[in-house]
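User: Could you take a close look at the disulfides in this one for me? I'd like to know where they sit and what they tie together.

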Amino acid sequence: MSLLRTLRVTVNASALAMLALTGCGPTEPKVASAPPDMRRLTDEQYHNIVTDLFGPDLEVAVRSDPLTRTDGLLAVGARTAQISPSGFEHYYAMGKAIAAQVASPAHRADLIPCTPKSETAADDACATQFFTHTGRLLYRRPLTDSELKAMVSAAHEMAEASKDFYRGISLGLGDMMVTPKFLFIVDETQPSKDGKDIELTPYAKASRLSFLLWNTTPSDELLDVAAKGEFNTSSGIEKHVERMMASPRLHTGVRAFFADFFALDKFETLEKDSIIYKAYTTVVGKDAEEQILRTVADHVLTRNLDYRDIFTTKRTFMTGGLARLYHVRVERPDGAWVPYEFSDEDGRAGILTQVGFNAMASHPGRSSPTLRGKAIREAMLCQHVPDPPGDVDFTSFEDPNSPNKTARQRLAAHAVQPACAGCHKITDPIGLALENFDGVGQARMSENGEKIDATGDLDGIAYSDALGLGKAMRNHPATPTCVVRRLWAYATGRPADNSTTAYINYLDQRFAKDGYRLPELLKQIATSDAFYAVAKPAAATAMLQTEGGRGSSTTSQEAVR
Amino acid sequence: MSILISKKMERRAALRGMLGGTAVSVALPFLDCVLDTNGTALAATGQALPVRFGTWYWGMGHTPNHSIGEKRRTEKGIDFLAETAALKRHEQNLNFFGTFGMPLDGRSNYTHFSGWVANRTGSAPARGGEIPAPTLDLLIADHIATNTRFKTLDVSAAGIARENYSARNTDNRGAAEISPVALYARLFGPEFVDPNKADFKPDPKVMVEKSVLSALMEDSKAYIKTVGAADKARLDEYFTSIRQVEGQLALQLEKPEPNDACKVPVAPQDPPPDRLARVREMPNVVDTHKVLGKLLAMAVACDQTRVFNMVFTDNFANVRRSGETYTHHLLTHTEVIDPKAGYQPLTFWFNQQASNGWADYLDIFAGVKEGAGTLLDNCLIFASSETNYAKMHTIDGVPTWLAGKAGGRVKTGMHVVGGGDPITRVGFTALKVMGVPIEKWGTRSLQTGKVISDILA
């Protein structure tokens, strides 16, 4: 069976399952519980926590061990990530640096809730007050008596040795920030009501919710809600999910999801040749990434529109730097963001036509239909494109004596090799539709003097240009099912697999019924029993083993044409 | 399959036989004996100088027939061709290993990945992205780097922190240091204790820091009981990681031995902003590599670490030449072979830059005087790539080097012919030279228990 056919079969099976479920009624299927997890904080989460606790003025240079993108998401890799010696060393140095700032004369009055009797001696009462409050936010639950005592005692010891109360506070705080209780989001459990199984503690539920919706530690208010036991009932959870979703902080959470979903971390190391692309700078690169996130967040949250229309919307945001690449004018050329709507003449609509996507899925000095097609298949349709064979010969692609002037012609010459043809069939017809955008996403009509042919087809839907590709993506059945699968995996740290098929199909069905509104999907997950389900580790481990354990990591970066 | 080796029998050969066989207990005394009796490996203090281990990595292999002249048998002398001409000046510091195989036993060759993983871990990955065993530098660090500030130092001139080829497993891979300024601050910042400074007063505050961290670790150990088996293993790794910082604090409380070789370098400056957008243009890589290399060498000379890893270019060689549309990696696959030259000209240029970079690196280590010799004399540096001929992704014959005399344990200037033996014999030899008490290394067809005795002194 050809790869193309395999993809179609997958899509059709998924659609059939969806149809079948439509007739079954909208009850949430049960999900086999997974064991409690321990997810390492992402750098962004670390940064958000510090900013939430201590304000935006502190310098926070987070640089932890890199996470492995697994089953399409770094969030899944976080579930198995460890901490190397150099990673710990960085955490230690970072914790110390942050703690020193908190206890510094510039910040202590705002961030430490009491004044010591003497700045040159220990003050256990004041230290207790500080660690009780700050520790609860860092550990995402109240400190136990022994934890609190240990911190107060550490601060005491240092204050005595240094004759400096604040140095003691700094030491205790820095050390709290390197404990596993802070660096890992731990699913702490308690016996279930019937005593037969386990369940998440209310604080662990608060953490799950807070990291999913706000990508940060639970606030004081949320921890108070947990303490009152309001997460013990579905109605309590629903009430607070709605409250959290009404907060502007939901943007932070949703942006974090899309940054992971679309693998925007590639921008961290994206370089373009400055001779070939003079208008592309590191500042413009950052703006290009931000433009994708702003467009998506505005569309799915602020306007609460159909998710699928992120591939066709003409609304976006623009800076002066980006405007130079788009060859458009904006009122504020000073770097500020302004809303912008593409005109019909611009030939752009949807995130696939933006500078960011096209720059990210290109080579340093030229576009790549294959990389673009691969990125769309893998990141946005959740399909796998195999790596090229090891012995592939690309020289026909670059033969200087060949008459081929456009990427389409070069790829046609290259794809005559049987070993290459299969994969190129599933990537190139998508990417070639974007050939009117060069390696940094600037519009062009020709390549090497020859007019660009941007026709193509996506799984049987033909189009004549990038706008047509956007519409095909919008209407592709895998587009909404992909975001459902990824959002579930992002929320739980576990990829959708056989044990969750019925539940995922149920979510697909609800998502369609709700007009593909992402907030509704988020709410559905955040209020579902499945989101909070845990099982005792031993039994759950056995279950996982039968499913094949952890998923495949996707670190291969073998670039293709 | 055996390699072609000299059959000349001598006193050391008997010992080598024991070393390469099963008598593990013989290995350590033998190597200690070499060290202790080697007058050149003694420091000014009269104490034996430590032997250090390093790795050096470059992406995309080499250009066959234009890199190293082939040999039919193992012998003294390396035939440096045009691509590696810069290395000629270091012939007496190098051993080259050619025609070794990399059997994957039917597992996929995950391009530009399986090669380095197999060469450094002794095991072929079963899936893309998998690092199935610890890399050899960490096995050595576990053995020799128990009392230095840094268990290993990992740096990269290629500007991609995640591309570090030192890892405990798939999920435990530290980031490489890519900024000279950050590396300097880490090495020679306020926590550095200068061994040659006359006055030394331990800071009681550091004592408190250490004791509080230890208490915290004990508290966290109790926490481990509350998690499942897989997470227990992750927390065990976390505790191992804490020990490095504990050790660092302990070292701040001890006066180090005076060390003539240790000279605190001048702090590097931040590069101009426009350079940040061109980190991976080859001239910038070469420049950054030299700056990072000098810092690393001085960290070794100052005994801040005994295991050090440098990446010149990453395994996908995301490096560029200004004005070119493709990276080095993509050129290996797309550039047409010049019929007159017989190779891909631009690709050759990039490969040549890697050889030049390797020579620069050796210059740096050979330029640091230590004892009666140089720092390089007291190091063993394993250098390798992930492919042989990148255009075709071949991994048999992946070019591999060992540099340095390992404090007199190794003789140099040899071209060792592998004859298809697994490349892991080089890594295994390095492990044994560094005193790691193992009898075999690697899995499946990559497993070996045979040292390459031709290079043992």
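Analyst: Here is a walk through the disulfides, one pair at a time, with a short look at the surroundings afterwards.

Keep in mind that this is a predicted model. Over all chains, the structure holds three disulfides. As a reminder, a disulfide is a covalent bond between the sulfur atoms of two cysteines. If you number the bonded cysteines of chain A in sequence order, the pairing reads 1-2, 3-4.

Let's start with Cys114(A) and Cys126(A), whose sulfur atoms are 2.0 Å apart. Cys114(A) sits in the loop between helix H5 (108-111) and helix H6 (124-139) of chain A, while Cys126(A) belongs to helix H6 itself, so the bond ties together parts that are twelve residues apart in sequence. The torsion about this S-S bond is about 95°, which makes the disulfide of Cys114(A) and Cys126(A) right-handed. As for solvent, both Cys114(A) and Cys126(A) are buried.

The other pair in chain A is Cys382(A) with Cys482(A), again with an S to S distance of 2.0 Å. This one links distant parts of the chain: Cys382(A) is in the loop between helix H17 (369-380) and helix H18 (395-398) of chain A, Cys482(A) is in helix H22 (residues 478-492), and the two are 100 residues apart. Its S-S torsion is about 80°, so the link between Cys382(A) and Cys482(A) is right-handed too. The two ends have their own burial stories. Cys382(A) has a relative accessible area of 25%, and buried means under 20% while exposed means over 50%, so Cys382(A) comes out as partly exposed. Cys482(A), on the other hand, has a relative accessible area of 0% and is therefore buried.

Over in chain B, Cys262(B) and Cys302(B) form a disulfide with their sulfur atoms 2.0 Å apart. Here both ends are in loops: Cys262(B) in the one between helix H7 (229-252) and helix H8 (273-276) of chain B, and Cys302(B) in the one between helix H9 (282-301) and strand E5 (307-311), so the bond ties together parts that are 40 residues apart in sequence. With 90° about the S-S bond, the link of Cys262(B) and Cys302(B) is right-handed. Cys262(B) has 4% relative accessibility and so counts as buried, and Cys302(B) is buried as well, with a relative accessible area of 5%. Another cysteine of chain B, Cys379(B), is buried with a relative accessible area of 0%.

Now for some context on chain B. Chain B has twelve helices and ten strands. Of its 457 residues, 61% are buried. Taking the contacts in chain B between residues at least 6 apart in sequence, 73% join residues at least 24 apart. The accessible surface of chain B comes to about 16,400 Å², and carbon and sulfur atoms account for 55% of that.

One last thing, on empty space inside. A search of the whole structure turns up nine cavities of 30 Å³ or more, and the largest has a volume of about 140 Å³. The lining of that largest cavity has 14 residues, with Ser84(A), Pro85(A), Leu138(B), Thr152(B) and Asp154(B) nearest its centre. By type, the lining of the largest cavity divides into three nonpolar, eight polar and three charged residues.

Notes
Residues numbered from 1 in each chain as written. Chains lettered and ligands numbered in written order. Predicted model: local features only at pLDDT ≥ 70, side-chain atom pairs only at ≥ 80, totals over all residues. Heavy atoms only, no water. Disulfide = S-S within 2.5 Å. Helix = DSSP H or I, 4+ residues; strand = E, 2+ residues; numbered from the N terminus. Buried < 20%, exposed > 50% of the residue type's maximum accessible area, 1.4 Å probe, protein only. 1 Å grid on protein atoms, 1.4 Å probe; cavity = no way out; pocket = protein on both sides within 12 Å on 5 of 7 lines; lining within 4 Å. Points joined across faces, edges and corners; volume = space filled by probe spheres on them. Nonpolar A, V, L, I, M, F, W, Y, C, P; charged D, E, K, R; others polar. Contact = heavy atoms within 4.5 Å. Areas by Shrake-Rupley, 256 points an atom, 1.4 Å probe, with all protein chains shown as cover.
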